[in-house]
Amino acid sequence: MATDGQFEYESILCVKPEVNVYRIPPRTSNRAIRAADWKLDAPDWTGRMRVTARGKVAYVKLEDKVSGELFAQAPVDEYPGVAVETVSDSSRYFVLRIMDDNGVGETGN
């Protein structure tokens with residue numbers, strides 16, 4: 001992508017070779033999200049997470065760990081923000097808001 005005659009390169013900031021993804025239920029109130037409410041023993045997807053940056057935007061990418069095929073991604077233009085949210089009962093888990101072809105969804109990680 002060119003901006004002002006220059007190319008923006010994508011840099012890899014972090015790679016986690018194995019992460020678990022959990023589909024979390026829709027919010028019913030403004031209370032904080034808790035990882036203990038998820039089925040932690042039964043992830044909905046397992047793969048690799050890469051965090052990259054292009055310009056001033058970071059991207060959290062969930063990819064198949066063998067083929068590298070993109071499962072989902074979330075652009076993060078500010079933190080804290082709507083793309084990444086902490087959970088109230090753990091520093092290990094977080095909520096990632098991803099965009100799919102049908103709209104916006106939340107995925108626990």
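A residue counts as buried when its relative accessible area is under 20%, and as exposed when that value is over 50%. Keep those two cut-offs in mind as we walk through this structure, which is a predicted model.

Let's start with the overall layout. The chain has 0 helices and 9 strands, so a reader following the sequence meets the pattern β-β-β-β-β-β-β-β-β, with strands defined as DSSP runs. Of the 109 residues in the chain, 30% are buried. Taking contacts between residues at least 6 apart in sequence, 46% of them join residues at least 24 apart. On the outside, the chain exposes about 7600 Å², and carbon and sulfur atoms supply 49% of that area.

Now to the aromatic side chains. The structure contains 4 aromatic pairs. One of them brings together Tyr22 and Tyr93, whose rings sit 6.4 Å apart, centre to centre, with 70 degrees between the planes, an edge-to-face arrangement. This pair links distant parts of the chain: Tyr22 belongs to strand β3 (residues 10-23) and Tyr93 to strand β8 (residues 90-100), 71 residues apart. Are these two tyrosines buried or exposed? Tyr22 has a relative accessible area of 3%, so Tyr22 is buried. Tyr93 comes out at 17%, which is under the 20% cut-off, and therefore Tyr93 counts as buried too. Trp38 joins in as well, since Tyr22, Trp38 and Tyr93 form one aromatic cluster.

Next, have a look at Thr52, which you will find in strand β4 (residues 45-54). Thr52 counts as buried because its relative accessibility is 0%. What does the side chain of Thr52 make a polar contact with? The partner is the side chain of Glu10, at 3.2 Å. Glu10 also appears among the residues that Thr52 touches once those up to four places away in sequence are left out; the others are Ser11, Ile12, Leu13, Val57, Ala58, Tyr59 and Lys61.

For a contrast in setting, turn to Ser67. This residue lies in the loop between β5 (57-63) and β6 (70-76). Its relative accessibility is 53%, which is over the 50% cut-off, so Ser67 counts as exposed. A polar atom of the Ser67 side chain lies 3.2 Å from the backbone nitrogen of Glu69.

Methods
Residues are numbered from 1 along each chain as its sequence is written. This is a predicted model: local features need pLDDT of at least 70, side-chain atom pairs count only at pLDDT 80 or more; totals for chains, interfaces and linings use all residues. Side-chain values use heavy atoms; hydrogens and water are left out. Rings of Phe, Tyr and Trp (its six-membered ring) pair if their centres lie within 6.5 Å; planes under 30 degrees apart count as stacked, over 60 as edge-to-face and the rest as tilted. Helices (H or I, at least four residues) and strands (E, at least two) are DSSP runs, numbered from the N terminus. Buried means under 20% relative accessible area, exposed over 50%, partly exposed in between (1.4 Å probe, protein chains only). A polar contact is a pair of N or O atoms within 3.5 Å; within protein, one must be able to donate a hydrogen and the other to accept it, and residues adjacent in sequence count only if both atoms are side-chain atoms. Contact means heavy atoms within 4.5 Å. Accessible areas come from the Shrake-Rupley method with a 1.4 Å probe; for residues, only the protein chains shown count as cover.
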